[in-house]
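Hi,

Here is the structure I promised to pass on to you. Have a look at it first, and then read my notes underneath.

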Amino acid sequence: MKKFLKVASIVLVIAMIACFAACGGNGGEKEKLTMATNAEFPPYEYVEGDKIVGIDAEIAALIADKLGMELEIVDVAFDSIIPGVQSGKYDMGMAGLTVNEERLEKVNFSTSYATGIQAVIVKEGSDIKSIDDLAGKKIGVQTSTTGDIYAGDIADATIERYNKGFEAVQALTQGKIDAVIIDNEPAKVFVAENEGTKILEEDFAVEEYAMAIAKENTELLEKVNVALAELTEDGTLKAIVDKYISAE
């Protein structure tokens, strides 16, 4: 009888362990938060080894943690980020995305988490000394970026579009175009890597970066904004930006 009870107790314990393991496995799995980006935009997102790192990647990871979710970053072409978020393929988009009227027609945006500057890269010795000198020139931009949008307002300019920012800079160094309009931070990186290029002192435009979220997903938008407010209030967000961008 004692032997039977002992065996029964062992079986019960094993069953309970199996149940807890199964329940823990399912309950312990976090819901994924998919972030679409274009990892060609240092220091906001770029590839280091086999991992996507940068300002946006770190901020997104902290937001996912606050939401009790697991972040999954998907590297896609820049011009497919907004359509992907709009269709629900991705939960949100982060790629130094500027809030503008055209994009607001398709998606919602979180509160801003950083300020960006559109800069102009030219070759050393170029006759382009100011923004006004861009008129009638051949301008390189990354497709679907705000630089692409703004360039259309330059009088008599010819716009050459590239899939990646560095491809536009390469075209500049090869003499195929006269200037490149791109965000200031990656512009600094590209100029450092390409001797004989420089950034004009005059800013082309100042804009705000935010996260793109589908219009129907208002619940996620509210949660993201709460998380951003907390990260701003405790100084974490500024610390992340300062880590990658030295104060000038």
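Below I go through a cavity and then a pair of packed helices. Please keep in mind that this is a predicted model.

Let me start with the empty space. The count comes to one cavity of 30 Å³ or more, and about 120 Å³ of space lies in the largest cavity. Its lining is made of 16 residues, and those closest to the centre are F41, F78, Q142, T145 and D183. If you would like to find the walls by secondary structure, look at β2 (40-41), α5 (146-151) and β11 (179-183), since each of these supplies at least two residues of the lining. Strand β11 gives the most, with three residues. As for chemistry, the lining of the largest cavity divides into eight polar, five nonpolar and three charged residues.

Now to the helices. Two packed helices are described by the angle between their axes and the distance between the axes. Here the pair is α2 (residues 55-66) and α9 (residues 236-244), whose axes come within 9 Å and cross at roughly 155 degrees. An angle over 145 degrees counts as roughly antiparallel, so α2 is roughly antiparallel to α9. The crossing of α2 and α9 is right-handed.

Which residues make the contact? From α2 they are I55, E58, I59 and L62, and from α9 they are T236, L237, I240, V241, K243 and Y244. By class, the contact of α2 with α9 has seven nonpolar residues, two charged and one polar.

Happy to talk it through whenever suits you.

Best wishes

Methods: Residues are numbered from 1 along each chain as its sequence is written. This is a predicted model: local features need pLDDT of at least 70, side-chain atom pairs count only at pLDDT 80 or more; totals for chains, interfaces and linings use all residues. Side-chain values use heavy atoms; hydrogens and water are left out. On a 1 Å grid over the protein atoms alone, a cavity is a set of points where a 1.4 Å probe fits but cannot get out, and a pocket is an open set with protein on both sides within 12 Å along at least five of seven lines; lining residues have an atom within 4 Å of a point. Grid points are joined across faces, edges and corners, and a volume is the space filled by probe spheres set on the points. Helices (H or I, at least four residues) and strands (E, at least two) are DSSP runs, numbered from the N terminus. Ala, Val, Leu, Ile, Met, Phe, Trp, Tyr, Cys and Pro count as nonpolar, Asp, Glu, Lys and Arg as charged, and the others, Gly among them, as polar. Axes are lines fitted to C-alpha atoms, for helices over the stretch in contact, and angles run from 0 to 180 degrees between N-to-C directions. Angles under 35 degrees count as roughly parallel, over 145 as roughly antiparallel, 65 to 115 as roughly perpendicular and the rest as oblique. A crossing is left-handed if the near helix is turned anticlockwise from the far one by less than a right angle, and right-handed if clockwise. Contact means heavy atoms within 4.5 Å.
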